[in-house]
Every structure is written in structure tokens, then in C-alpha cells.
Amino acid sequence: LLKMADLFVRPTRSDSFGISVAEAVCLGVPAIASDVCKRPDGTILFRAGEKKDFFDKVIIQLDEIQKTKNWKRNESFVNEGTGKTLLESSELRHRSN
């Protein structure tokens, strides 16, 4: 299943290694992960807890995938739809902790 993915994301605030990141990289799937621990070479890192850095890295990768595959990214995902909902949900969850 992972081999069929276009992108793997592991946006954790704590982690010991994340074997799933290593599996994705080994299979040639671009992997984006937080910088909370040592990651395999080839992992695209974002600063843990910094949503803008995370979303910027995801958008860059989606744009790269779009260039190599015949599909288009849905702008409303990031601007109005699911991406905004995910961001708001994340902010609410962290405020309550």
C-alpha cells in the first residue's frame, strides 16, 4: 500500500525514529516528517509544531508530484477546504492540551 502512495507524511511532535518514514524512503516515496528525532537520509524535514513550515513543505512536494504525474492539486483543499479544516482542528486540539 505504501509503495502506491504519492507522498508520506509523519507530522509528529514526538517520535523515537518512525520506521514508517524509513520504509517510505526505502520505497522511493517522498517522506515529510517533523525534526523531532533522527530521520533517514532523504527525508524532508519540517520544524515540529510549525504549521506553516509543514504546509509549505507539503505544497512544494505536491507541486513536484503534479509535474511528474498527470493530476492537479485541488487549491480549495489548502485555501478553503480540508487543509484549513485540518489546521483549525490542530489549533483547537493544541489549545485544549
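**Two sides of H1, two cores**

Visitor: What makes Ile-19 and Cys-26 of H1 count as exposed?

Guide: Ile-19 and Cys-26 sit on the other side of H1 from its buried residues and are exposed; exposed means over 50% relative accessible area, buried under 20%, and partly exposed in between (1.4 Å probe, protein chains only). H1 spans residues 19-26; helices (H or I, at least four residues) and strands (E, at least two) are DSSP runs, numbered from the N terminus. This is a predicted model, where local features need pLDDT of at least 70, side-chain atom pairs need 80 or more, and totals for chains, interfaces and linings use all residues. Numbering runs from 1 along each chain as its sequence is written, and side-chain values use heavy atoms, leaving out hydrogens and water.

Visitor: Why do you say the buried residues of H1 line one face?

Guide: Ser-20, Val-21 and Ala-24 are the buried ones. Seen down the axis, they fall within an arc of 105 degrees (directions from the helix axis to the C-beta atoms), so they line one face.

Visitor: What makes the Thr-12 and Arg-39 pair a polar contact?

Guide: Their side chains come to 3.4 Å. The definition asks for N or O atoms within 3.5 Å, one able to donate a hydrogen and the other to accept it within protein; sequence neighbours count only if both atoms are side-chain atoms. So the pair qualifies.

Visitor: Which residues form the largest nonpolar core?

Guide: Eight, including Leu-7, Ile-32 and Val-58. Such a core is a set of buried Ala, Val, Leu, Ile, Met, Phe, Trp, Tyr and Cys residues joined through side-chain atoms within 4.5 Å. Helix H2 gives the most, five residues.
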